[in-house]
Amino acid sequence: LGIGSSKIKAKILYCDLIFILTGYMRHGQTEAVSALKRSGAISGKVILLCCRGRTGVMRAILSR
């Protein structure tokens with residue numbers, strides 16, 4: 001089961017920085033966040049990361 005865009009919006013509405021780990025999220029969820037950003041419904045910066053594992057995620061975040 002997926003999570004709806006209204007639930008996603010409620011969870012990230014007040015976030016300033018949103019990292020999307022594309023390898024761990026469904027395409028629909030990634031697209032829902034992108035659509036919210038495009039529509040102006042969320043103001044935080046959205047960054048897509050393509051990495052795996054704890055150290056890979058940390059390296060990708062730190063490189064940004």
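## Two cysteines, no bridge

C51 is buried, at a relative accessible area of 12%, while its neighbour in numbering C50 is exposed at 76% relative accessibility. Here buried means under 20% relative accessible area, exposed means over 50%, and partly exposed is anything in between, with a 1.4 Å probe and protein chains only.

Do these two form a bond or stay apart? They stay apart: the closest cysteine sulfur to that of C50 is in C51, 7.0 Å away, which is too far for a bond. Seen from C51, the closest cysteine sulfur is that of C50, again at 7.0 Å. A disulfide is taken as a pair of cysteine sulfur atoms within 2.5 Å, and by this rule the count is zero.

## About the model

You are looking at a predicted model, in which local features need pLDDT of at least 70, side-chain atom pairs count only at pLDDT 80 or more, and totals for chains, interfaces and linings use all residues. Residues are numbered from 1 along each chain as its sequence is written, and side-chain values use heavy atoms, with hydrogens and water left out.

## Helix α2 and its surroundings

Let's turn to helix α2, which covers residues 27–39. Helices (H or I, at least four residues) and strands (E, at least two) are DSSP runs, numbered from the N terminus. With 13 residues at 1.5 Å a residue, α2 should span 18 Å, and its end C-alpha atoms are indeed 18 Å apart; the expected span is 1.5 Å times one less than the number of residues. After α2 comes G40, with a positive phi near 85°.

Which residues of α2 are buried? They are Q29, T30, A32, V33, S34 and L36. Their cover includes helix α1 (5–12) and the strands β1 (17–21) and β2 (45–49).

## Two neighbours in α2

T30 belongs to α2 and is buried, with a relative accessible area of 12%. Leaving aside residues up to four places away in sequence, T30 touches I20, M25 and L48, where contact means heavy atoms within 4.5 Å.

E31, also in α2, is partly exposed at 35% relative accessibility. From E31 to I61 there are 30 residues in sequence and 20 Å in space, C-alpha to C-alpha.

## A charge over a ring

Finally, have a look at R52: its charged end sits over the ring of Y24, 4.5 Å from the ring centre. This calls for NZ of Lys or CZ of Arg within 6 Å of the ring centre and within 35 degrees of the ring normal.
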